[in-house]
Amino acid sequence: MKKHISLAVKCPHCGKSLMDKEAPLHGKPSIRLNIQTQQSRGVIHLCSYYECFDYKTDVPLAQEEIVTFSCPHCNKILNSHEKCKICDAPMVSLLLQTGGRVSLCSRTGCSNHYVAFEDVATELQKFYEAYGG
Ligand SMILES: [Zn+2]
Ligand SMILES: [Zn+2]
């Protein structure tokens with residue numbers, strides 16, 4: 001069975017935690033972000049388990065729509081200039097509390113996401129210490 005890793009992330013702009021203990025998903029704090037679509041804006045809670053794509057939101061999302069994500073603390077947009085290698089939508093970039101970052105595609109239904117480390121040796125070690133890999 002695959003080991004499930006629950007990620008703790010923070011905003012790359014203001015450094016505040018994006019974890020929401022008040023709205024757990026699968027028993028873990030969810031990742032709370034503000035979102036905006038063509039029609040409406042609201043809040044989304046993403047499951048913090050790596051490779052789990054469950055979410056809760058009050059915004060109706062169309063399949064394959066590109067969503068603009070922003071930080072609930074500083075309101076800065078989290079969609080980056082990096083494009084998704086699968087569908088060409090902007091990637092959304094969040095920082096891991098332990099160092100490194102996690103990127104996910106801003107298009108609904110696209111499953112492209114990955115964890116990346118800039119200082120691989122120390123960040124990866126911290127990651128394994130924190131998540132018991
Ligand atoms: Zn922020
Ligand atoms: Zn994509």
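Just past the end of helix 1 sits glycine 132, with a positive phi near 60°. Keep that spot in view while you work through these. What you have is a predicted model, in which local features need pLDDT of at least 70, side-chain atom pairs count only at pLDDT 80 or more, and totals for chains, interfaces and linings use all residues. Residues are numbered from 1 along each chain as its sequence is written, while chains are lettered from A and ligands numbered from 1 in the order in which they are written.

**Exercise 1: the helix and the confidence**

Work out how the span of helix 1 compares with the expected one, and which elements have the lowest and the highest mean pLDDT.

*Solution.*
- Start with the extent: helix 1 covers residues 120-131, which is 12 residues. Helices here are DSSP runs of H or I with at least four residues, strands are E runs of at least two, and both are numbered from the N terminus.
- Next, the span: first C-alpha to last C-alpha is 16 Å, close to the 16 Å expected at 1.5 Å a residue. That expectation is 1.5 Å times one less than the number of residues.
- Now the confidence, where pLDDT is the predictor's own score for each residue, from 0 to 100. Helix 1 has the lowest mean among the elements, 82, and strand 6 the highest, 97.
- For the whole protein chain the mean is 91, with 97% of residues at 70 or more. Where pLDDT is low, don't read the predicted coordinates in detail.

**Exercise 2: the overall fold**

Find how many helices and strands the protein chain has, and why it can be called as compact as a globular protein of its length.

*Solution.*
- Count the elements: 1 helix and 10 strands.
- Put them in sequence order and you get β-β-β-β-β-β-β-β-β-β-α.
- The radius of gyration is 14 Å, close to the 14 Å that the globule rule gives for 133 residues, so the chain is as compact as a globular protein of that length. The radius is taken over C-alpha atoms, and the rule is 2.2 Å times the number of residues to the power 0.38.
- The C-alpha trace spans about 45 × 35 × 30 Å along its principal axes.

**Exercise 3: following strand 8**

Trace how strand 8 pairs with strand 9, and on to strand 10.

*Solution.*
- Strands 8 and 9 pair in the antiparallel sense over 5 bridges; pairing takes at least two DSSP bridges.
- For the register, look at serine 93, which stands opposite serine 103 in strand 9.
- The two strands make a hairpin with 4 residues between them, and glycine 99 in the turn has a positive phi of about 105°.
- Move on: strand 9 also pairs with strand 10 (residues 113-116), again antiparallel, over 4 bridges. Here leucine 104 faces histidine 113.

**Exercise 4: the core and Phe69**

Which elements give two or more residues to the largest nonpolar core, and is phenylalanine 69 buried or exposed?

*Solution.*
- The core has 19 residues, and those with the most contacts inside it are Val9, Leu18, Leu33, Phe69, Leu78 and Val92. Such a core is a set of buried Ala, Val, Leu, Ile, Met, Phe, Trp, Tyr and Cys residues joined through C-beta atoms within 7 Å.
- Strand 3 (28-36), strand 8 (90-96) and strand 9 (101-105) each give two or more, and strand 8 has the largest share, 4 residues.
- Phenylalanine 69 lies in strand 6 (residues 68-70). It counts as buried because it has 20 C-beta neighbours inside 10 Å; 20 or more is the cut-off, 12 or fewer is exposed, and in between is partly exposed, with C-beta atoms placed from the backbone.
- Beyond four places in sequence, phenylalanine 69 contacts Leu33, Ile35, Leu78, Asn79, Val92 and Ser106, a contact being two backbone-placed C-beta atoms within 7 Å.

**Exercise 5: the loop before strand 8**

Where is cysteine 87, and which residues does it touch beyond four places in sequence?

*Solution.*
- Cysteine 87 is in the loop between strands 7 and 8.
- With 15 other C-beta atoms within 10 Å, cysteine 87 is partly exposed.
- It touches Cys105, Arg107 and Cys110. The C-alpha atoms of cysteine 87 and cysteine 110 are 7.5 Å apart, across 23 residues of chain.
- Aspartate 88 is in that loop too. Its phi is positive, about 75°, though it isn't a glycine, and with 11 C-beta neighbours inside 10 Å it counts as exposed.
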